[in-house]
Amino acid sequence: MRMVRVLSAALLTLGLAAAPAAADASPSPSQDGASAPTQAGTSFRTAAEIEQGQPATASGSTGDYLYWSFPADTGQRPTVKATVKLPESHASQTWQIDVYDGLRRRQACQYGAQTRTAAADASSVQLACVLRTVRAWSEPWANDPLTGTYYVRLTATGVATADLGLPVGSEVRVDSRDIGGSAAVDGSLAEPLVPGVATKPGEEREDAAVPAGLEPEDGWASGWWSDRWVWTAVGGILAALAGVGGYALTRGSGRPSRAPAA
């Protein structure tokens with residue numbers, strides 16, 4: 001009965017620890033009610049800022065470069081989805097979505113249809129890019145995604161000359177999955193990679209970078225707490241229980257009655 005109580009307590013502890021882990025795996029909350037941008041930028045510097053979970057729309061022309069930016073924090077795995085509404089009459093078109101980090105380094109997609117070709121009779125085309133998990137720290141030579149601003153670029157490639165300038169509509173949305181302690185690293189950035197982070201104080205040049213106006217609701221580097229701490233504590237508790245249980249099983253029932261007195 002004693003061992004049953006010990007095992008029951010251990011299972012209860014594991015159940016309580018699983019709750020934060022499940023919460024970390026939930027997608028970011030939707031912000032459909034917020035005011036979404038209806039225009040896109042034409043360069044990195046003019047990229048339209050959007051929140052995660054917020055759909056953004058824009059009108060443009062075939063051949064244009066459309067840019068949006070969004071914040072991504074440590075432990076998040078962003079998924080960028082885009083839908084392009086094509087004109088009624090057009091030739092075959094290939095559309096592509098690219099994602100860049102705060103240093104304007106192109107980030108590879110883990111999976112997703114990053115490039116798709118729309119047939120001549122297609123009314124729309126859908127694209128998706130699932131990034132790698134955002135890290136809190138990385139080696140200078142690495143191309144790991146880091147905390148900060150990310151840019152989305154949507155454009156058509158290999159367009160027929162007759163289709164250049166035709167009106168198109170687009171919708172972009174970014175959602176993230178919180179990976180949790182499995183992606184934690186021993187290190188952190190001094191500052192998130194956002195536009196203007198390296199601008200000197202008091203610099204008033206017209207072309208000086210301006211810090212991005214978007215950041216996570218609870219601030220940057222909000223993922224310092226993760227389920228990694230919980231599982232570490234649970235591991236220590238289970239190791240202590242295993243030691244107590246092993247001692248109880250091996251110590252015996254005491255001094256045998258037939259043993260001579262010392």
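This is a selection-by-selection tour of a predicted model.

**Whole chain**

Start with everything shown as a cartoon. The protein has two helices and 11 strands, and from the N terminus the elements run α-β-β-β-β-β-β-β-β-β-β-β-α. Of its 262 residues, 37% count as buried. Among contacts with a separation of 6 or more, those between residues 24 or more positions apart account for 72%. With a surface display, the exposed area comes to about 15,100 Å², and carbon and sulfur atoms supply 56% of it.

**Strand β3**

Select residues 66–72, which form β3. Seven of the seven residues of this strand are buried, so β3 is largely enclosed by the rest of the structure. Show the side chains to see both faces covered: Leu66, Trp68, Phe70 and Ala72 lie on one side, while Tyr67, Ser69 and Pro71 lie on the other.

Now add the strands that pair with β3. Residues 48–49 make up β1, which pairs with β3 in the parallel sense over two bridges. Here alanine 48 stands opposite tryptophan 68. Next add residues 148–157, the strand β10. The pairing of β3 with β10 is antiparallel and spans seven bridges; in it, proline 71 has threonine 149 as its bridge partner.

**The nonpolar cores**

Select Trp68, Phe70, Val80, Trp95, Ile97 and Leu154. In the largest nonpolar core, which holds 30 residues, these six touch the most other members. At least two residues of this core come from each of β2 (56–61), β3, β4 (76–85), β5 (93–100), β9 (124–131), β10 and β11 (167–178). Another core, of five residues, lies apart from it; Phe44, Ala47, Tyr67 and Tyr151 are among its members.

Centre the view on isoleucine 97. Which residues does it touch, beyond those up to four places away in sequence? They are Val80, Ala82, Gln114, Leu127, Cys129, Val152, Arg153 and Leu154. Keep Cys129 in view for the next stop.

**The disulfide**

Add cysteine 109, which is joined to cysteine 129 by a disulfide with an S to S distance of 1.9 Å. A search of the whole structure finds one disulfide. The pair ties together parts that are 20 residues apart in sequence, because cysteine 109 lies in β7 (residues 109–111) and cysteine 129 in β9. The torsion about the S-S bond is about -100 degrees, so the disulfide is left-handed. How do the two ends compare in burial? Cysteine 129 is buried, at 0% relative accessibility, whereas cysteine 109 is partly exposed, at 21%.

**Arginine 105**

Select arginine 105, in the loop between β5 and β6 (106–107). Is this residue buried or exposed? Arginine 105 counts as buried, because its relative accessibility is 18% and the cut-off is under 20%. Its side chain makes a polar contact of 3.5 Å with the side chain of asparagine 143. Leaving aside neighbours within four places in sequence, arginine 105 is in contact with Val99, Tyr100, Ala142, Asn143, Asp144 and Leu146.

**Glutamine 39**

Finish at glutamine 39, in the loop between α1 (2–24) and β1. Glutamine 39 is exposed, with a relative accessible area of 63%. Beyond residues up to four places away in sequence, glutamine 39 touches Ala48, Thr57, Ala58 and Trp68. For a last distance label, pick the C-alpha atoms of glutamine 39 and serine 170: they are separated by 9.6 Å, with the two residues 131 apart along the chain.

How values were computed: Residues are numbered from 1 along each chain as its sequence is written. This is a predicted model: local features need pLDDT of at least 70, side-chain atom pairs count only at pLDDT 80 or more; totals for chains, interfaces and linings use all residues. Side-chain values use heavy atoms; hydrogens and water are left out. A nonpolar core is a set of buried Ala, Val, Leu, Ile, Met, Phe, Trp, Tyr and Cys residues joined through side-chain atoms within 4.5 Å. Buried means under 20% relative accessible area, exposed over 50%, partly exposed in between (1.4 Å probe, protein chains only). Helices (H or I, at least four residues) and strands (E, at least two) are DSSP runs, numbered from the N terminus. Contact means heavy atoms within 4.5 Å. A polar contact is a pair of N or O atoms within 3.5 Å; within protein, one must be able to donate a hydrogen and the other to accept it, and residues adjacent in sequence count only if both atoms are side-chain atoms. Two strands pair if DSSP finds at least two bridges between them. Accessible areas come from the Shrake-Rupley method with a 1.4 Å probe; for residues, only the protein chains shown count as cover. A disulfide is a pair of cysteine sulfur atoms within 2.5 Å.
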